Amino acid sequence: MILSRTKPASGPSTQSTPAKEKGKQKQMPKLEELLETRDYTGAITFLEFHKHAGKGNTEEDQWIAYCAFHLGDYKKAMEEYEKLSKLDGCPPEIFTNLACCQFFLGMYQEADAIASKGIVSVCVR
């Protein structure tokens, strides 16, 4: 088999130029995109990066706890919810979420006590 020497094996069409590389750069995902795709590991990474950069707030702490809970890391979620429950003006759903974490950790008495501080559901009889 004789190879043709008239056409080079590699040329401008197979090599990438800096202009093409610039267009292919990945963009930083947004938190909403990560949560929509249920990429909780990516969301926690994103949120903790923000937190360590000094840009974190209590809403992002709630999202960290939410993502940790959905990843099955109930202890981390419980620790985050406990921090949030000690803040002034804590919303009642924090206590409900904290009780859920404690329940999954087998802390049934503590979960029952904390759940009484949470949201009262219309399903309770």
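Which residue forms a salt bridge with K51, and how far apart are the closest N and O atoms? The partner of K51 is E80, and the closest N and O atoms of this salt bridge are 3.6 Å apart. A salt bridge here is a side-chain nitrogen of Lys or Arg within 4 Å of a carboxyl oxygen of Asp or Glu.

The model is predicted: local features need pLDDT of at least 70, side-chain atom pairs count only at pLDDT 80 or more, and totals for chains, interfaces and linings use all residues. Residues are numbered from 1 along each chain as its sequence is written, and side-chain values use heavy atoms, with hydrogens and water left out.

**View 1. The whole protein has seven helices and zero strands.** Along the sequence, the order of elements is α-α-α-α-α-α-α. Helices (H or I, at least four residues) and strands (E, at least two) are DSSP runs, numbered from the N terminus. Of the 125 residues in the protein, 26% are buried. Buried means under 20% relative accessible area, exposed over 50%, and partly exposed in between (1.4 Å probe, protein chains only). The protein has an accessible surface of about 9800 Å², and carbon and sulfur atoms account for 55% of that area. These areas come from the Shrake-Rupley method with a 1.4 Å probe; for residues, only the protein chains shown count as cover. Among contacts with a separation of 6 or more, 37% are between residues 24 or more positions apart. A contact requires heavy atoms within 4.5 Å.

**View 2. Salt bridges link helix α3 with helix α5.** The structure contains four salt bridges. In one of them, K76 pairs with E48, and the closest N and O atoms are 2.5 Å apart. K76 belongs to helix α5 (residues 74-85) and E48 to helix α3 (residues 40-52), so this pair links distant parts of the chain, 28 residues apart. K76 is partly exposed at 22% relative accessibility, and E48 is also partly exposed, at 26%. In the pair K51 and E80, the closest N and O atoms are 3.6 Å apart. Here K51 is in helix α3 and E80 in helix α5, so parts that are 29 residues apart in sequence are tied together. K51 is partly exposed at 31%, whereas E80 is buried at 8%. Side chains of opposite charge can pair when their charged atoms come close.

**View 3. E80 takes part in a network of salt bridges.** The network links K51, D61, E80 and K83. E80 lies in helix α5 and forms a salt bridge with K83, where the closest N and O atoms are 3.7 Å apart. About one helical turn separates E80 and K83, because they are three residues apart in helix α5. Leaving aside residues up to four places away in sequence, E80 touches K51, D61, I64 and A65. The relative accessible area of E80 is 8%, so this residue counts as buried.

**View 4. Helix α6 packs against helix α7.** Helix α6 covers residues 92-104 and helix α7 residues 108-115; they pack at an angle of about 170° with their axes 8 Å apart. The two helices are therefore roughly antiparallel. Axes are lines fitted to C-alpha atoms, for helices over the stretch in contact, and angles run from 0 to 180 degrees between N-to-C directions. Angles under 35 degrees count as roughly parallel, over 145 as roughly antiparallel, 65 to 115 as roughly perpendicular and the rest as oblique. F95, L98, A99, Q102 and F103 make the contact on the α6 side, and Y108, E110, A111, I114 and A115 make it on the α7 side. By class, the contact residues are eight nonpolar, one polar and one charged. Ala, Val, Leu, Ile, Met, Phe, Trp, Tyr, Cys and Pro count as nonpolar, Asp, Glu, Lys and Arg as charged, and the others, Gly among them, as polar.

**View 5. F104 of helix α6 touches F69 and Y74.** Residues up to four places away in sequence are not counted among these neighbours. F104 is partly exposed, with a relative accessible area of 47%. Between F104 and D73 the C-alpha to C-alpha distance is 9.9 Å, although they are 31 residues apart in sequence.

**View 6. R38 sits in the loop between α2 (31-36) and α3.** Its phi is positive, about 60°, although R38 is not a glycine. Most residues other than glycine have a negative phi. R38 counts as exposed, at 63% relative accessibility.
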